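Trainee: Please take me through one part of this model slowly, and then show me how it fits in with the rest. I'm new to reading structures, so plain words would help.

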Amino acid sequence: MRRAALIMAAGALTFASACQQPAFAAEKVVEAPAAARKASEGKGLKTAIFAGGCFWGVEAVFSHTKGVTSAVSGYHGGTKRQADYSLVSSGVTDHVEAVKVTYDPSVVRYDQLLRIFFSVVIDPTLKNRQGPDRGAHYNAELIPLSAEQRTVAGSYLAQLPKSGKWDAPIVTSIEPARTFYAAETYHQDFAAKNPRHGYILRWDAPKVAALKRLYPALYRAEFRRN
């Protein structure tokens with residue numbers, strides 16, 4: 001994604017006149033199946049990491065999800081020294097853009113977060129790209145942070161091809177947890193801070209709208225800021 005040139009004036013910039021129109025589905029929305037294997041994580045807040053292309057949209061969707069208490073944009077993997085937007089977005093590092101999601105499993109389970117992720121955030125048939133963005137740093141990945149999450153994620157990935165919802169093979173992978181580095185401050189809560197930004201209007205606002213439409217019981221109108 002060529003976002004670097006847009007960041008400095010994010011509050012004012014838009015891509016084109018078409019981006020000023022009401023949000024529409026820029027990407028295919030699929031009502032993913034409910035998980036056959038429900039997550040059982042006990043009490044207390046839990047955390048998982050989701051990589052799904054540009055972290056602005058991933059963060060926006062989960063920030064509008066009930067039970068999510070925090071959604072932090074950042075870089076998963078790679079080194080601390082190279083965990084910098086200009087380097088990661090150039091594709092020369094070993095990071096993927098990702099979002100660390102903290103949630104209350106008594107309100108929203110991990111398997112429900114997976115269903116939202118595959119329904120409105122990503123196209124699981126794409127490798128090293130999502131939406132307009134290309135490169136390994138935009139790969140869609142599940143990064144479980146517990147044995148229960150890993151079991152549920154594995155079961156769900158095995159279930160998806162049998163659902164008939166996608167014509168192409170599912171290529172989203174489960175990856176081992178490595179270090180997560182929070183992104184720069186200007187990336188945090190980006191959609192809430194820049195609702196008229198062209199990229200947000202074109203690609204991410206439709207994802208939030210799809211969340212509201214498909215899963216109204218889990219949708220929160222308020223953007224939960226970090």
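**A close look at one loop and the sheet beside it**

Mentor: Let's begin at Asp-189, which sits in the loop between strand S8 and helix H6 (190-193). Keep in mind that this is a predicted model. Asp-189 has a positive phi of about 55°, and it isn't a glycine. Most residues other than glycine have a negative phi, so that's a good reason to stop and look. Is Asp-189 buried or exposed? The relative accessible area is 6%, and the cut-off for buried is under 20%, so Asp-189 counts as buried.

Asn-128 makes a nice companion case. Its phi is positive too, about 60°, and again the residue is not a glycine. You'll find Asn-128 in the loop between helix H4 and strand S4 (129-130). Its relative accessible area is 29%, so Asn-128 is partly exposed. Put side by side, Asp-189 is buried, whereas Asn-128 is partly exposed.

Now go back to S8, the strand at one end of the loop we started with. Where does S8 sit in the sheet? S8 (180-182) is an edge strand, pairing on one side only. The sheet is open, has six strands with mixed pairing, and runs in the order S7-S6-S1-S3-S2-S8. The other edge strand is S7 (173-174).

Let's walk inward from the S8 end. Next to S8 in the order comes S2, and Ser-73 lies in that strand. Ser-73 has a relative accessible area of 0%, so it's buried. What does Ser-73 touch, once its neighbours within four places in sequence are left aside? Its contacts include Phe-180 and Ala-182, along with Ala-183, His-187 and Gln-188. Since S8 covers 180-182, you can trace how Ser-73 reaches Phe-180 and Ala-182. Ser-73 also touches Ala-98 and Val-99, as well as Phe-55 and Glu-59. Those last two belong to helix H2, where both are buried. In fact H2 (residues 55-63) is mostly covered, with nine of its nine residues buried.

Keep moving along the sheet. S2 and S3 run antiparallel and are joined by nine bridges; one place to see this is Ser-70, whose bridge partner in S3 is Thr-102. S3 is mostly covered as well, with eight of its nine residues buried. On to S1: it pairs with S3 in the antiparallel sense over five bridges, and Ile-49 has Lys-100 as its bridge partner in S3. S1 (residues 46-52) then pairs with S6 (residues 140-143), again antiparallel, over four bridges. Within that pair, Gly-52 is matched with Ala-140 in S6. Helix H4 (residues 110-121) packs on the sheet, touching S1, S2 (68-77), S3 (95-103) and S6, and its direction makes about 15° with that of S1.

What about the inside? In soluble globular proteins, nonpolar side chains tend to be buried together. Here the largest nonpolar core has 56 residues, and Phe-50, Phe-62, Tyr-110, Leu-114 and Phe-118 touch the most other members. H4 gives the largest share of this core, eight residues. A second, separate core has seven residues, including Ile-49, Ala-51, Val-96 and Phe-180. You've met two of those already: Ile-49 is the bridge partner of Lys-100, and Phe-180 is one of the contacts of Ser-73.

To finish the walk, head for the S7 end. Thr-172 lies in the loop between helix H5 (147-159) and S7, and at 6% relative accessibility it counts as buried. Among its contacts, not counting residues up to four places away, are Phe-118, Ala-140, Glu-141 and Leu-142. Phe-118 in turn contacts Val-30, Tyr-156, Leu-160 and Trp-166, among others.

Last, zoom out. The protein has seven helices and eight strands, and 53% of its 226 residues count as buried. Among contacts between residues at least 6 apart in sequence, 82% join residues at least 24 apart. As for confidence, the average pLDDT is 91, and 88% of the residues score at least 70. Be careful with residues 4-24, though: the pLDDT there is below 50, even if the stretch has 31 contacts in the model beyond near neighbours in sequence.

Conventions: Residues are numbered from 1 along each chain as its sequence is written. This is a predicted model: local features need pLDDT of at least 70, side-chain atom pairs count only at pLDDT 80 or more; totals for chains, interfaces and linings use all residues. Side-chain values use heavy atoms; hydrogens and water are left out. Two strands pair if DSSP finds at least two bridges between them. Contact means heavy atoms within 4.5 Å. Axes are lines fitted to C-alpha atoms, for helices over the stretch in contact, and angles run from 0 to 180 degrees between N-to-C directions. pLDDT is the predictor's confidence in each residue, from 0 to 100. Buried means under 20% relative accessible area, exposed over 50%, partly exposed in between (1.4 Å probe, protein chains only). A nonpolar core is a set of buried Ala, Val, Leu, Ile, Met, Phe, Trp, Tyr and Cys residues joined through side-chain atoms within 4.5 Å.
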